[in-house]
Amino acid sequence: MNQAAKSSPGKILIVDDEPDMLEMLDMIITDKTNHRVITTNNPLEVGELLAKDNYNLVITDLKMPVMDGMDVIAEVKSRDPDIPVVVITAFGTIESAEEAVRRGAYDFITKPFRKEQILVTIERALDWQRLVRENRELKRSMKNSRG
Amino acid sequence: MSYLRRTWQKLTGSAPAAPESNDLGERYAHFQRLLQANNQVLALMADMEEKLSGEYLFDFEYIRATVQQLLQETAALVEALNGLGNQRYLELRDALSQISAAIAAILASRREIPPAPLILFFEQLDANKVEIGGGKGANLGEMRSRVAVPVPNGFVITSYAYKIFLDYNKLSQHIGELLSSWSMNDLDSLGRVSEELKKIIHDAQIPPELEAALQTAYEQLAAQEGRRPLLAVRSSAIGEDVTFTFAGQYATYLNVPATELADTYKKIIASLFTARALYYYKNKGFREEEMAMGVVVMPMIAAQASGVLFSRHPEGEPRDAALINAVWGLGKYAVAGTIEPDQYVVTYQPLGKVLEQQIPPKKLMLQCLPAGGVTEVPVPEERQNQPCLQERHLIELMKCAQALEDHFGKPQDIEWALDEDGQLWILQSRLLKIPAKQPTQPRPRVVSGYHILLDQGAVAFRGVGAGPVVLVRREEDLKDFPHGGVLVARHTSPNFVTVMHQTAAIVTDAGSPTGHMALLAREFRVPTILNTGIATQVLKPGMVVTVDAEYRNVYEGLVPELLSVKENEADDLADTPVFRTLKKVLQKIVPLNLLDPKSPAFHPAHCHTVHDIVRYAHEYSMREMFQLREHGVKGNAVLLESDLPFKVHMVDLGGGLDRVSQQKVRPEQIRSLPFKAFWEGVAAMRWPQAKPQNVQSISSVFVKTEEQIAQGENPYRDESYVLLSQNYMNFSIHLGYHFSNVEAYVSDQLNDNYLTFNFHGGGSTPERRERRVRLIEAIIDRIDLQHQRHGDIIEARLAKYPAAEMLWRLTIMGKLTSYTKQLDMVLFSEGIVDWYIKDFLREHVERCRNR
């Protein structure tokens, strides 16, 4: 991964029913990276938001009323399997976090966490998306060239 | 208590225990529980303090859960002390419930709506009145009274007016009912409820006193203006975070006639009930204070041009320039993206120099209508391609930007308008969020190209600091401590607090991140690495070093890569509600008021924090334990007769001893499996000498001065006490001034087997205590005990090993007990500690393992 690719800005959707957590995540990501952050405390909006805009990453809380993190993963994956989803879980719910990964989440991170932890996870997830897309592109062009 | 009785019965075998020993068993259980709770509370306190460092993200749930655990443990501690002391410490319960209530109050009230006048003019507001006037209103007040920039006249309808409005119409109740009657499982239903609520609010009545206050305020504004202006009415949120999340943007109504002010006020209140807000309230419950808001009312400025100024160009290079956007007419089009605005990049030095400008054609503008409202009109052709701002406007704007940045200390996002007379007005200024130019790469553990002097230890406070090494050997060395020095010492000392405000970093040979000084280092935000073992050997006085208390490295010389990182780190998280709440909660937990156990103030009535309670309970649990030994066990206890200078009282709970004599028992008569193994270890060590003549016990060699005795270091502490049964031992060992407790259960039932070891330091000098703790940790680690350390307390545990494995380890623990006892006199340097650790492991651990 070259440096230029690494620093290209991504668009991140953050879903958490706690506005405080949204504010803090928005604050540190905006402060430390050049990625754009869109937040919502209402997971029911996720479908609508994904339809309106292209996202490179979705970060979601796991435990939310009505529509939880698992549902968010399903919603994201049904629209675009290439969008990585990072799940945020409370301490002591590792099992459900692992379940989330089985259902397609890219990774999970346990609250409370260090700033650097989330920043590293974000960069890794964005790298992953780039790789997946590059791979797909390569395969497609190989297929095309073989006719 | 039935659990304890059951446990006790298991330990003592099937025979029903005598009433005295049963009582004793319970008291021991209380004591053990108390020590366990004590250590847990201290660890939880350290954990919460660490979260305030700004390095962590956590939520209210973390605070609630941790506080709950902390209070539970503290309650268990208080109950254990009462159990131990026959309910003599009931006052401590009262102290704890008062502290709990205070903490609960802090957690319950994220924000309050303080009683205030319904209307406040900008002159009456400042930055401290956010809860009354909302962010925007308080900010306008601050600018108007404290910064030399032109701010229009105006007033705020306060958050208290909002409360009166809700209460008058019983709206909280209606909202609650509406929220509970709808299921709202999708966006549509959320949308319908949102519309419903807006209607309810529209139909609500403005309370008469608010109506009157609005009229009076308008008349006063008209008098200030010398005309009857139309109005700009904008929401001014209290919790900008929450409100902004819900609303996405703030409601603004332009060019409103005075007669419509009350209705417009209701519209702004209604605008708060978005689908996002309803989702939140549906699931968390509606509380009016969560959404409390003020509303800003200003005369409408019929602007010829308006725009936004970023006091630092967010993307430009260099950042010593501002970015100004401008459109003709009202400012809404400058931010809404309706038309492409003029852009000017302007420098501060020299003031107003235009580095760059783009003047696209601006064909449309928003304009005030004479009777109220706004409308879009074409820009007259001759002005379409003209710049909206002249040089003098730019200079004037830059002066305002400079003044606002100076005042608020951070880059600002400023809304401005130029009225028809060419007068400039500042309509709003708020913190500018600048995205990082380059993403902050997670920095490497080691910065290459620099010589690393030290790469170990325990971090007490993260961060980077650099400066000349100042070796502090004794308290006098602190006197001339230079500003920006790196404090290097053998051990930690709370005395360092006197220079912490001017210390770049602290590095010590020994010390614990949960110790007292570490708490102070966190309070003063001094990057600190403790327990490096070798700092005083490798860091020479005067040598300039860079301390990376992130990855525990100390570099020779300055490492600019690390230091620049430090400068960039703004601690914005500290201003968030979650951080503020944790800070407030910790005020009820961490400060220690009970300092001197001999003072009359050392009393439950003066326990104002959790720390006080823990301190008190710990002190009195020890006193209770001594009483136990002095009076409690006559008739039951026997002495262990041995050649060792060690006085051990024993109580057999069943099958632990082969008793012949009533008074004394020889080691051969021990039948308790775990204690037999342990004692073998104790006795196997080379004891330096037999009991000295005319001296009651070996601890007397430690009592160096009368003063030490006067300070409570009583020599009788080396009477130790063990409760036994065939499979169980609970051995409280006082040797010299340290206290340890080894409890074990060993049987053929693998799952029942366990061993716990608790060590409390004490006596001796701080360095020696640290060394002792380090030595013990190194050794128990090697025999597979899981261990934790808080200050000079060690907690260790091992469970579910086969009996033979358990007994082998108990013998090692016995050896270790004797070993540390004898080493107290010789732990004069760190090097010697290392030597003794190796010696012990070689002689006693590796050999046994290889057998």
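# Briefing: sheets, helix packing and contacts in chains A and B

Helices α8(B) and α12(B) are roughly perpendicular to each other, because their axes make an angle of about 95° and the range for that term is 65 to 115 degrees. This is a predicted model. Chain A contains an open parallel sheet of 5 strands, and chain B contains an open sheet of 5 strands with antiparallel pairing. In the contact between the chains, 35 residues of chain A meet 35 residues of chain B.

**Helix packing in chain B**

- The axes of α8(B) and α12(B), the latter spanning residues 275-284, are 9 Å apart.
- On the α8(B) side, this packing involves Leu187(B), Leu190(B), Gly191(B), Val193(B) and Ser194(B).
- Their counterparts in α12(B) are Ala275(B), Leu278(B) and Tyr279(B).
- Helix α8(B), residues 187-203, also packs with α7(B), residues 171-181; the two axes come within 11 Å and cross at roughly 160°.
- Angles over 145 degrees count as roughly antiparallel, and α7(B) and α8(B) are therefore roughly antiparallel to each other.
- The crossing of α7(B) and α8(B) is right-handed.
- From α7(B), Leu171(B), His174(B), Ile175(B) and Leu178(B) make the contact.
- From α8(B), the contact is made by Val193(B), Glu196(B), Leu197(B), Ile200(B) and Ile201(B).
- Val193(B) thus appears in the contact of α8(B) with α7(B) and in the contact of α8(B) with α12(B).

**The parallel sheet of chain A**

- The strand order is β2-β1-β3-β4-β5 in chain A, and the pairing is parallel.
- β2(A), residues 36-40, and β5(A), residues 107-111, stand at the edges; each has a single partner strand, so one side of each is left without a neighbour in the sheet.
- From one strand to the next, the twist averages 20°.
- β1(A) is mostly covered, with 4 of its 5 residues buried.
- On one pairing, β1(A) joins β2(A) in the parallel sense over 5 bridges, and the bridge partner of Lys11(A) in β2(A) is Arg36(A).
- Between these two strands the chain passes through helix α2(A), residues 19-32, in a right-handed β-α-β crossover.
- β1(A) also pairs with β3(A), in the parallel sense and over 4 bridges; here Ile12(A) stands opposite Leu57(A).
- β3(A), residues 57-61, is joined in turn to β4(A), residues 85-90, by 4 bridges, and these strands run parallel.
- Val58(A) has Val85(A) of β4(A) as its bridge partner.
- Helix α4(A), residues 69-79, lies across β1(A), β3(A) and β4(A), running at about 160° to β3(A).

**The antiparallel sheet of chain B**

- The order of the 5 strands is β2-β3-β6-β4-β5 in chain B.
- β2(B), residues 119-121, and β5(B), residues 252-256, are the edge strands; each has a single partner strand, so one side of each is left without a neighbour in the sheet.
- The twist averages 25° from one strand to the next.
- β4(B), residues 231-237, and β5(B) run antiparallel and are joined by 3 bridges.
- Across that pairing, Leu231(B) stands opposite Val256(B).
- Helix α11(B), residues 261-270, packs on the sheet and touches β3(B), β4(B), β5(B) and β6(B).
- The direction of α11(B) makes about 30° with that of β4(B).

**Chain B as a whole, and one distant pair**

- Chain B holds 25 helices and 31 strands.
- Of its 851 residues, 45% count as buried.
- For contacts in chain B between residues at least 6 apart in sequence, 64% join residues at least 24 apart.
- Lys584(B), in helix α19(B) (residues 577-587), is 481 residues from Ile103(B) in sequence but 8.4 Å from it in space, C-alpha to C-alpha.
- Lys584(B) has 16 other C-beta atoms within 10 Å, and is therefore partly exposed: a buried residue has 20 or more, an exposed one 12 or fewer.

**Where chain A meets chain B**

- The contact takes in 35 residues from chain A and 35 from chain B.
- On the side of chain A that touches chain B, α2(A), β2(A), β6(A) (113-114) and α6(A) (115-146) each supply at least two residues.
- The largest share of that side, 11 residues, comes from α2(A).
- Helix α2(A) is also the helix of the crossover from β1(A) to β2(A).

Conventions
Residues are numbered from 1 along each chain as its sequence is written. Chains are lettered from A and ligands numbered from 1 in the order in which they are written. This is a predicted model: local features need pLDDT of at least 70, side-chain atom pairs count only at pLDDT 80 or more; totals for chains, interfaces and linings use all residues. Two strands pair if DSSP finds at least two bridges between them. Axes are lines fitted to C-alpha atoms, for helices over the stretch in contact, and angles run from 0 to 180 degrees between N-to-C directions. Two residues are in contact if their C-beta atoms, placed from the backbone, lie within 7 Å. A crossover is right-handed if, with the strands pointing away from the viewer, the path from the first strand over the helix to the second runs clockwise. Angles under 35 degrees count as roughly parallel, over 145 as roughly antiparallel, 65 to 115 as roughly perpendicular and the rest as oblique. A crossing is left-handed if the near helix is turned anticlockwise from the far one by less than a right angle, and right-handed if clockwise.
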